[in-house]
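Hi everyone, thanks for coming. I'd like to walk you through one structure today, starting with its charged side chains and then going inside.

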Amino acid sequence: MTSISAIEPVAIPGSHVDLLTRALHGVFTTIRADGQPQSSLEWVDFDGACPRINTALEQQTGRNLLANPKVSLLAVDPNDTNRYLQIQGDAELITDGAVEHLNAMTRKYTPRSAH
């Protein structure tokens, strides 16, 4: 497992932080070996400085990132599609704590229903 965050912290406007902290899916785009973009829906997290996603290096997204760190992340408010956040730049692959990060993301995105 690998946690991915931006190399340079991104100034996220306070008015849009919720798009990274709510359980919303983001469109995460990486670059394939043939130079074509590949987009996937990903769980998104925010550490207070950088948005983060989690992937396995064996998956296509992970392989793309190993070859080329250029990424784009698009988070759209489902209640107002005119309100969105797009971030572009170079991603950093972080393996330390990635399993714990995935566990936290799983709890965020798949809450247990109260019985």
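Let me begin with a question: with which residue does the side chain of R32 meet in a salt bridge? The partner is D34, with 2.8 Å from N to O. R32 itself is partly exposed, at a relative accessible area of 34%. Please keep in mind that what you see is a predicted model.

So how many salt bridges are there in total? The count comes to 7, and I'll pick out a couple more of them.

Have a look at K70 and D90. These two form a salt bridge as well, and their closest N and O atoms are 2.9 Å apart. K70 sits in strand 6 and D90 in strand 7, so this pair ties together parts that are 20 residues apart in sequence. Both ends are partly exposed: K70 has a relative accessible area of 46%, and D90 comes in at 30%.

Now over to D77 and R22. Here the closest N and O atoms of the salt bridge are 3.9 Å apart. D77 belongs to the loop between strand 6 (70-76) and strand 7 (84-94), while R22 belongs to the loop between helix 1 (18-21) and strand 2 (25-31), so the bridge ties together parts that are 55 residues apart in sequence. Is D77 buried or exposed? With a relative accessibility of 7%, D77 counts as buried, whereas R22 is partly exposed at 27%. This pair also has company: D18, R22, D77 and R83 are linked in a network of salt bridges.

Let's turn to the strands. Strand 6 pairs with strand 7 in the antiparallel sense, over 7 bridges; within that pairing, L74 stands opposite Q86 of strand 7. Strand 6 also pairs with strand 2, again antiparallel, this time over 4 bridges. There, F28 has L73 in strand 6 as its bridge partner.

F28 brings us to the inside. The largest nonpolar core has 17 residues, and F28 is among those with the most contacts inside it, along with I12, L20 and L85. Which elements each supply at least two residues of this core? They are helix 1, strand 6, strand 7 and helix 3 (98-109).

Let me finish with L20. Leaving aside residues up to four places away in sequence, L20 touches a mixed set of neighbours, including I12, V44, F46, L73 and L85, but also D45 and K108.

That's my tour, and I'm happy to take questions!

How values were computed: Residues are numbered from 1 along each chain as its sequence is written. This is a predicted model: local features need pLDDT of at least 70, side-chain atom pairs count only at pLDDT 80 or more; totals for chains, interfaces and linings use all residues. Side-chain values use heavy atoms; hydrogens and water are left out. A salt bridge is a side-chain nitrogen of Lys or Arg within 4 Å of a carboxyl oxygen of Asp or Glu. Buried means under 20% relative accessible area, exposed over 50%, partly exposed in between (1.4 Å probe, protein chains only). A nonpolar core is a set of buried Ala, Val, Leu, Ile, Met, Phe, Trp, Tyr and Cys residues joined through side-chain atoms within 4.5 Å. Contact means heavy atoms within 4.5 Å. Two strands pair if DSSP finds at least two bridges between them.
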